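Work through the exercises below with the sequence and the coordinates at hand. Each task is followed by a solution in steps.

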Amino acid sequence: MRGLPFRARLAAPGLLALLLAAGVAPSNAADPAPAAKPAARPATVSDPGRKPAGIEKLILDRVKARVGGDVGSVRRMPFGLWEVAVDGEIIYVDEGVHYLITGRAFDLATKTDLTTPRKDEINKVAFDSLPLGLAVKTVRGNGSRRLAVFEDPNCPYCKRFEHDISTLNNVTIFTFLYPILSEDSFAKSRAVWCAPDRAVAWSQLMQEGKTLEASPEACQDPLQQLLALGQKLRVTGTPTLVFVDGRRAPGAIPIERVEEMLADAAGTPAPKK
């Protein structure tokens, strides 16, 4: 991952940003750029498919210089600040980028969360672009529903999650081995990949607690590729789920929520209990 994670960079010395709990920061009188005027609802949204121009480009350049990281889209918000995507996070800045706010913004008139949906949108993954051939493939029932999961074999939340999703039916689960916790995680992931039946080996390891045989030296594994993939997609914890509609869910979410998101992604009703 390029540079420090966004939240770590916020603590870096010399950063020209003020983290505020609430409210709108005043403009800096020394900055020749005029203060941003509040826009009428809805916000003016920059089209992510076109090259930013004018004030948008200026704000992006200022954020890159003062905050750093992978800086993406920018759009004017109805409360006078500018929303910028940085390293998969959402921040809000004034026009001169002298002040920075993190956290969730709400429209009190409509009781709408303005931040979380945008964060979900910028972190979507093109499911069919994933290298599914590098995943441990588990098919249950007719396998019609598809789900991808990044997991570390030593992650206790992953083990709990594997027990929970053992009841999922008519699903194909693509498990990307993502050994980020320890060298032992790497050895166990390699043992799974090099096993005669990877899906069975993964189930035995995660659900039964079985110790797998060490992988042979000649076995070629894709673990370095998968670590690079996870870094590219900003997968910072396990388990991380990716659904066919591109949405992701970090953490061992309840099985009911998995069913709901699978149904939403497929455009079908969730199974009734």
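**Exercise 1. A salt bridge and its surroundings**

Is Arg146 buried, partly exposed or exposed? Then find its salt-bridge partner and place both residues along the chain.

Solution. The model is a predicted one.

Step 1. The relative accessible area of Arg146 is 29%. Buried means under 20% and exposed over 50%, so Arg146 is partly exposed.

Step 2. Arg146 forms a salt bridge with Asp128, and their closest N and O atoms are 3.0 Å apart.

Step 3. Asp128 is in the loop between α3 (116-122) and β7, whereas Arg146 is in strand β8. The two residues are 18 residues apart, and the pair links distant parts of the chain.

Step 4. Asp128 has 62% relative accessibility and therefore counts as exposed.

**Exercise 2. Strand order**

Give the strand order of the five-stranded open sheet, and state which strands stand at its edges.

Solution.

Step 1. The order is β7-β9-β8-β10-β11, and the pairing is mixed.

Step 2. β7 (136-140) and β11 (248-250) each have a single partner strand, so one side of each is left without a neighbour in the sheet. These two are the edge strands.

Step 3. From one strand to the next, the twist averages 20 degrees.

Step 4. Strands β8 (residues 145-151) and β9 (residues 171-177) run parallel and are joined by seven bridges. Within this pairing, Phe176 in β9 is the bridge partner of Phe150.

Step 5. Helix α6 (residues 198-207) lies across β7, β8 and β9. The helix runs at about 90 degrees to β7.

**Exercise 3. Aromatic pairs around Phe150**

Classify the ring pairs that Phe150 makes with Phe176 and with Tyr178.

Solution.

Step 1. The structure holds four aromatic pairs. In the pair of Phe150 and Phe176, the ring centres are 5.0 Å apart and the planes are at 25 degrees. Planes under 30 degrees apart count as stacked, so this pair is stacked.

Step 2. Phe150 belongs to strand β8 and Phe176 to strand β9, so the pair ties together parts that are 26 residues apart in sequence.

Step 3. Both residues are buried: Phe150 has 0% relative accessibility, and Phe176 has a relative accessible area of 0%.

Step 4. For Phe150 and Tyr178, the ring centres are 5.7 Å apart and the planes are at 80 degrees. Planes over 60 degrees apart count as edge-to-face, so this pair is edge-to-face.

Step 5. Tyr178 lies in the loop between β9 and α5, and Phe150 in strand β8, so this pair ties together parts that are 28 residues apart in sequence. Tyr178 counts as buried, at 3% relative accessibility.

Step 6. Phe150, Phe176 and Tyr178 form one aromatic cluster.

**Exercise 4. The nonpolar cores**

Which residues have the most contacts inside the largest nonpolar core, and which elements give two or more residues to it?

Solution.

Step 1. The largest nonpolar core has 33 residues. Those with the most contacts inside it are Leu130, Phe150, Phe176 and Leu177.

Step 2. The elements that give two or more residues are β8, β9, α5 (183-193), α6 and α7 (223-232). The largest share comes from α6, with five residues.

Step 3. Leaving aside neighbours within four places in sequence, Leu130 is in contact with Val125, Ala148, Phe176, Leu233 and Val242.

Step 4. A second, separate core has 17 residues, including Val171, Phe243, Ala249 and Ala265.

**Exercise 5. Further salt bridges**

How many salt bridges does the structure hold? Describe the pair within α8, the pair of Arg247 and Asp245, and one network.

Solution.

Step 1. The structure holds 14 salt bridges.

Step 2. Arg257 and Glu260 meet in a salt bridge at 3.1 Å, N to O. They are three residues apart in helix α8 (residues 255-266), so about one helical turn separates them.

Step 3. Arg257 is partly exposed, with a relative accessible area of 34%, and Glu260 is partly exposed, with 38%.

Step 4. Salt bridges that share partners join Arg75, Glu83, Arg118 and Glu121 into one network.

Step 5. Arg247 and Asp245 meet through their side chains in a salt bridge at 2.9 Å, N to O. Asp245 is partly exposed, with a relative accessible area of 27%.

Notes
Residues are numbered from 1 along each chain as its sequence is written. This is a predicted model: local features need pLDDT of at least 70, side-chain atom pairs count only at pLDDT 80 or more; totals for chains, interfaces and linings use all residues. Side-chain values use heavy atoms; hydrogens and water are left out. Two strands pair if DSSP finds at least two bridges between them. Helices (H or I, at least four residues) and strands (E, at least two) are DSSP runs, numbered from the N terminus. Axes are lines fitted to C-alpha atoms, for helices over the stretch in contact, and angles run from 0 to 180 degrees between N-to-C directions. Contact means heavy atoms within 4.5 Å. A nonpolar core is a set of buried Ala, Val, Leu, Ile, Met, Phe, Trp, Tyr and Cys residues joined through side-chain atoms within 4.5 Å. Buried means under 20% relative accessible area, exposed over 50%, partly exposed in between (1.4 Å probe, protein chains only). A salt bridge is a side-chain nitrogen of Lys or Arg within 4 Å of a carboxyl oxygen of Asp or Glu. Rings of Phe, Tyr and Trp (its six-membered ring) pair if their centres lie within 6.5 Å; planes under 30 degrees apart count as stacked, over 60 as edge-to-face and the rest as tilted.
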